[in-house]
Each structure stands twice: as C-alpha cells, then as structure tokens.
Amino acid sequence: MNNRFFGHDLISVDSLKRDDVELLFQETGKMEKLVKDKGGDKKLEGKIIAALFYEPSSRTFSSFITAIQRLGGGFIPLNGMMNTSVAKGESFADTVKVFSAYSDLLVIRHPQEGTPKLAAEYSNVPVINAGDGSTGEHPTQALVDLYTIKEHFGEVNKLQILMVGDLAHYRPTNSLAKLLTLYPDIQLSFAAPEQVSLPKHIREFLAERKISFREYTDYKKILPQVDVLYVTRVKKEYMSEELYRQVQGSYIIDRSVVECMKNNSIIMHCLPRVGEIETSVDNNIRAVYLSRQVRNGLYLRMALLNLILGKI
Ligand code: CP
C-alpha cells in the first residue's frame, strides 16, 4: 500500500482515504505485537519529536512520548509552555521555527483553532495536530477510536454509532464524525443539550459527504439499537459558568443505561471523564474507555510516527 503519510502533516482527517486508514491500522496491529513481544525496537533511532502542548494533556502527550521511546527515538517534552520563552512573549512563528530546527516532527496542541495548520506553514518538519481550539479537531484520537471500533466489530460500515454529551466543543467527536464518512452505510446519531449541539461545520461536512444522521434529546429511545455509545465530557474550560451549570450532568451513563444496550455493543470515552460515566460501569464488558481505547492510543501513535518518518 502507498504510504501517503510519509513526510506529511496530519492536521485534519479531511484528507484521509480508506486506504490510508487501512495502512495505518495494519501498522498499528504490528506495533501492538512488537510492544507485547519485545517492548519496542530501534526503527526511529536518531529521530526526535518535539511535543509542544499549549493545553493540558495526559494521554495524547504521554502516548506520543512513549511511542517515540518504544521506537528508539528521542523527544522534547513540553507539556505546558509556561517554562519556555513563550512566557517571555516569543511569537508562535518563532517558537515553531526553533523547535522544528531541533526535531524531525512536531506534535502540537493549542487552544486556538487553526494553530497546528499555521505551524505547518512555519515548520520545516511534519506537524501533527494533537487538538486545536474548542471546535477544531483531534485527528489521532479519532483514528484511535476508529481503530478500537474496527478491532471490536471487525467491520465499521452499517454500525449504529451514537455520540452523546457536549458536541459543540469536542474535537475528538468532530474528527470521528468526519472520519466515519469514509463508510457510506454508517448510521450516525447525536444527542446533546440544545446549547451544545453538533457544530455547523460538522453538519455541513456530513451533508457534503451525503451522510444522513439523526439527532435526539432523549437518546435512551435508540439505545437498544446502538453498537457504539460514544460519551463526551462537558468542556468547562470552553464555556461560561452559566452554560456549564445548564448542561453539566445532562447525560450520565450508569448501570441502568448500560442494561438497555446490546450485548456486543461498546461504550467509549476518550477521557478525561468528569462524572459523565459512573465508575460502576467501568467493569462492564462493554466498557473499553479505560482499556482498549487507552492502549490503542500508544500502538496507533507508534504506527503513525513510523509512517510519517518513513520507517515501515
Ligand atoms: N484523549 C485525550 O486527548 O486526552 P488528553 O487530553 O489527556 O490528552
């Protein structure tokens, strides 16, 4: 298969084709085996990634750092920019140019939508978007999520996927909804309080790709038909206190919700969760958010680094 990731940025899932996703997933499977059999290898020895995180992160940051370590490479780990010259007023352009001179790939998370795309213009090395703004994207998380769905069900087309919660400020579901349009028979549903419903640009994207979808306020009606229940966090950091008070707690997944679901369905959340899935659900066979979804984040990011840096 043609490796179209080689030397390229990953800013949005828009440019990805089914073949690209299949290639990435094939390599992700190999990375899981590699980690389990040998812990890693030295394929990326001599390569350095710079992780520039202008916003907090546990999983995305750590899995990229772990991924490069397991492949024998090095890293510049900036989880928060407050101890860099950004605090002295250095411009974004200068920061990007400096770290791209030190490294072979930049991973950037930023509170302003569009910033990773801007970084790609300043950078001499590929840029991966690790989450931008309140209505931007989180392409690697969506790829991890899609991989987890495919791993569980074997096939993605025709699945009934329901995304629930704050959909207005959630970049992983933006990217996942777009990515799922690669599967023409996918059945998409969304449930959110009106104030934080699906963003206009995602609705337009789905319409352009001729993917119909349904919206619910009472999602429990369709729960017995759902294969994937994807739950989001209410993003307090991106809204007023008043809006947070209005929407927080609108959707709580507890045992009574799970009991309505198909036996072979799964419950996903890219984490962190703040109360929207009760801990009593964690040991349910359908819950993959603290197990497969997290572990796949490492394997998929290892595969992606290999593909972009040309080491497959
Ligand atoms: N899933 C995710 O993006 O988590 P972090 O914010 O901890 O990176």
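A polar contact is a pair of N or O atoms within 3.5 Å. Keep that cut-off in mind as you look through these close-ups of a predicted model.

**View 1. Backbone atoms of Cys-270 and Leu-271 meet nitrogen of the ligand.**
Start at Cys-270, where a backbone N or O atom is 2.9 Å from a nitrogen atom of the ligand. Now move to Leu-271: here a backbone N or O atom and a ligand nitrogen are 3.2 Å apart. Both distances fall within 3.5 Å.

**View 2. The side chain of Arg-59 meets an oxygen atom of the ligand.**
This time, look at a side chain: an N or O atom of Arg-59 lies 3.0 Å from a ligand oxygen. On its own the ligand has 250 Å² of accessible area, and the protein covers 92% of this.

**View 3. Nine residues line up as the shell: which ones surround the ligand?**
You can find Ser-57, Ser-58, Arg-59, Thr-60, Arg-109, His-138, Gln-141, Cys-270 and Leu-271 around the ligand. Sorted by class, this shell holds two nonpolar, five polar and two charged residues. The ligand takes up the space of the largest pocket.

**View 4. The ligand lies between two domains.**
Why is the ligand placed there? Domain 1 (13-136 + 297-305) and domain 2 (139-293) each give residues to the shell, so the ligand lies between them. The centres of domain 1 and domain 2, taken over C-alpha atoms, are 25 Å apart. Where the domains meet, 32 residues of domain 1 are in contact with 29 residues of domain 2.

Definitions and conventions: Residues numbered from 1 in each chain as written. Predicted model: local features only at pLDDT ≥ 70, side-chain atom pairs only at ≥ 80, totals over all residues. Heavy atoms only, no water. Near = heavy atom within 4 Å. Polar contact = N/O pair within 3.5 Å; in protein donor to acceptor, adjacent residues only side chain to side chain. Areas by Shrake-Rupley, 256 points an atom, 1.4 Å probe, with all protein chains shown as cover. 1 Å grid on protein atoms, 1.4 Å probe; cavity = no way out; pocket = protein on both sides within 12 Å on 5 of 7 lines; lining within 4 Å. Sits in = over half its atoms within 2 Å of the grid points. Nonpolar A, V, L, I, M, F, W, Y, C, P; charged D, E, K, R; others polar. Domains from an automatic or database assignment. Contact = heavy atoms within 4.5 Å.
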